[in-house]
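Biologist: Please take a close look at one part of this structure, the aromatic cluster, and describe how its rings are arranged and where they sit along the chain.

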Amino acid sequence: KDDAQSQRRPRAVRSAILAARLFGPGDPRSDLCFALAARMQEEIKMESPPENQAALDNDPDAIWLARWRAQNSAGGSGGAVVEMAERLAQAQARLRRFVRLSKRMNSELRLPRLLETVLDTIIELTEAERGFLLLRDAQGDLVVRAARNIEQTSLEGDGLAFSRSIAEQVARTGSPVITVDAADDARFRQALSVSDLQLRSVVAVPLTIKGQVEGTIYVDNRLRQGAFGDTDAATLLDFAELAALAVGNARLVGELQSRDRKIETLNRRLQKDLAARKDELSSM
């Protein structure tokens, strides 16, 4: 796998440079392809041993990139193009990450383990300190079904304390909540859980399954003020949609398995009743 990855990036660099040359000078798409190639080339160079870096600089692809840098430095537009390429590369990396996480979640059909995977991933994406996933029970009450920390271990004891008022507000309204300092936020000034825990940064989003808000995904940081921003809330909302699909599938599989077990139990009971009836008829 490592060998395949080591060969993939050089091919991607060559493909981007070829595309840039095909678009031709003056075409914005050419600059964008060159910028992407330059970024990947820098990553390759940083990961290469020092004795190989001189050979990389003399590579034909590197020469094309050097010419492009010189032209953009003279024209003064290189910085904007590189910045655009960086944003595009980040968006592509984010998309690839979401696809990979979606595959991982949808391959896990055991609901308890799935919920832990969802929280571990969310904590990683948002760099949160802790995370909680709450689902409605048969009575409609929110119940903590998974609680994890940054070390990817389950929370216990005092570590399970969180702001239930925030989680319930999100589930009730279906709208996300983000606060940079919960203890000083007028919306939650009367909430005892916020004041008692001296919470700082909190982000919570609804978990919507088949059009119904079935729970809340809640992450916080009790130490850092302003730990989360609008980007974190948007990321959490996007990921909550993927998580809702996976949770819905796992629930459906669990219900089918439970139904199969009930049918199997009924079949065994019926077979025993038939055997007893047969013995009774034989005796008669």
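Modeller: A residue counts as buried when its relative accessible area is under 20%. The model considered here is predicted. By that criterion, Phe-132 and Phe-162 are both buried, the latter with a relative accessible area of 9%. Tyr-218 is likewise buried, at 0%.

Ring pairs join Phe-132, Phe-162 and Tyr-218 into a cluster, and a search of the whole structure yields three aromatic pairs. In the pair of Phe-132 and Phe-162, the ring centres lie 4.7 Å apart and the planes meet at 25°. Planes under 30 degrees apart count as stacked, so this pair is stacked. The pair connects distant parts of the chain: Phe-132 belongs to strand β1 (residues 130-136), whereas Phe-162 lies in the loop between β2 (142-149) and α7 (164-173), 30 residues apart.

Phe-162 also pairs with Tyr-218, and here the centres are 5.5 Å apart with the planes at 70°, so the arrangement is edge-to-face. This contact again links distant parts of the chain, from the loop between β2 and α7 to strand β5 (residues 212-221), which holds Tyr-218; the two residues are 56 apart.

The helix that follows this loop, α7, has buried residues of its own: Ile-166, Ala-167, Val-170 and Ala-171. These residues cover an arc of only 130° around the axis and therefore lie on the same side of α7. Just after α7, Gly-174 adopts a positive phi of about 75°.

Terms used. Residues are numbered from 1 along each chain as its sequence is written. This is a predicted model: local features need pLDDT of at least 70, side-chain atom pairs count only at pLDDT 80 or more; totals for chains, interfaces and linings use all residues. Side-chain values use heavy atoms; hydrogens and water are left out. Rings of Phe, Tyr and Trp (its six-membered ring) pair if their centres lie within 6.5 Å; planes under 30 degrees apart count as stacked, over 60 as edge-to-face and the rest as tilted. Helices (H or I, at least four residues) and strands (E, at least two) are DSSP runs, numbered from the N terminus. Buried means under 20% relative accessible area, exposed over 50%, partly exposed in between (1.4 Å probe, protein chains only). The arc is that of the directions from the helix axis to the C-beta atoms.
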